[in-house]
Amino acid sequence: MYEGKVVVVAGGTGGVGEGIAKWFAQNGATVVIPTRNVKKVDRARDYIAPNGEKVVFIEGNISDEADAVRVRDEIIETFGKIDAMVSSLFGWWQGDKLVDLSLDHWDYLINSSLTTHFIVGKTFIPAIEPGGSYSMIVGLSSVRPVPHSGPISVANAAELMLRKVFSVEDEGRVRINDINLGPINTRTRHPMYQSPDFIDALEVGEIAGEIAFGKASDMSDHSLPLRLRENFNEWKASL
Ligand SMILES: NC(=O)c1ccc[n+]([C@@H]2O[C@H](COP(=O)([O-])OP(=O)(O)OC[C@H]3O[C@@H](n4cnc5c(N)ncnc54)[C@H](OP(=O)(O)O)[C@@H]3O)[C@@H](O)[C@H]2O)c1
């Protein structure tokens, strides 16, 4: 289905990202995954590409601007282009209430989430082929304040605006969207906290695939809230 396509999945070693990577790889794309931690590679590869599907890991820290540029240039040099990219960066955090949070901790969390999305977007969006797709994965906490996860709620809300500004400034050259998810059944979510009402990480990949190359490939400058399985089923039926 996606033969000849080059897809970058930032955060492709993570719980949601590995499902996204698997969807693209099992449908024929060449999938490139930057990672800061090569120790994660074997586990991710076994899941994403059990039958030798085309997945390549590049060691690098895309939260660091210079390293993000190096990783991007290496991808372009090796594969010649980027057709689509999905950014599924940073996970979850729970801890102090905002009034008790240290400035150091705030800075760390905002840098790891919002600022990483800024660096990755500014570095990679200009390198994506015209008409290509850039999808940001964002969570429900972007619109619903979550106590004891304040910096994540604040970062997620700002990521929605970051995405919108990337969209208007790019003037439609690349189709930039966000996929705004509820809880996902990932391999890392404890079975006790999984639910048949949630979609799984591979299905997040299916959403990203429809936006990049499929029935939703006219989608641009759009926020797609898919919180639960029923929303996912309705969206698929609407395509
Ligand atoms: N899990 C859910 O149920 C769920 C639900 C709704 C939305 N989301 C959203 O989905 C996205 C990914 O969540 P996840 O659960 O897959 O998280 P995760 O398992 O922690 O994976 C996040 C990935 O981000 C990469 N990353 C790159 N730079 C990072 C940095 N500076 N700090 C931390 N990670 C960095 C990491 O890759 P390396 O370590 O290999 O570099 C890591 O594999 C988040 O935006 C989250 O809000 C998740």
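Two strands count as paired here if DSSP finds at least two bridges between them. Keep that in mind for the close-ups below, which show a predicted model.

**View A. Strands S5 and S6 sit side by side in the parallel sense.** S5 covers residues 128-139 and S6 covers residues 175-181, and seven bridges link the two. For one of the contacts to look up, take Ser135: its bridge partner in S6 is Asn177.

**View B. Zooming out from that pair gives an open sheet of seven strands.** Read across, the order goes S3-S2-S1-S4-S5-S6-S9, and the pairing is parallel. At the edges are S3 (55-59) and S9 (222-226), each of which pairs on one side only. From one strand to the next, the twist averages 20 degrees.

**View C. Helix H5 lies across S5, S6 and S9.** This helix takes in residues 150-170 and runs at about 160 degrees to S6.

**View D. Helix H6 spans residues 201-213.** How far apart should its ends be? At 1.5 Å a residue, the 13 residues should span 18 Å, and the end C-alpha atoms are indeed 18 Å apart, so expectation and model agree. At the N-terminal end, Asp200 acts as the cap, with a side-chain oxygen 3.1 Å from the backbone nitrogen of Leu202.

**View E. H6 again, this time for burial.** With buried meaning under 20% relative accessible area, eleven of the 13 residues of H6 qualify, so the helix is largely enclosed by the rest of the structure. Among them are Glu203, Glu206 and Glu210, along with Val204, Ile207 and Ile211. Gly205 and Gly209 are buried too.

Terms used
Residues numbered from 1 in each chain as written. Predicted model: local features only at pLDDT ≥ 70, side-chain atom pairs only at ≥ 80, totals over all residues. Heavy atoms only, no water. Helix = DSSP H or I, 4+ residues; strand = E, 2+ residues; numbered from the N terminus. Expected span 1.5 Å × (residues − 1). Buried < 20%, exposed > 50% of the residue type's maximum accessible area, 1.4 Å probe, protein only. Polar contact = N/O pair within 3.5 Å; in protein donor to acceptor, adjacent residues only side chain to side chain. Axes fitted to C-alpha atoms, helices over the stretch in contact; angles between N-to-C directions. Contact = heavy atoms within 4.5 Å.
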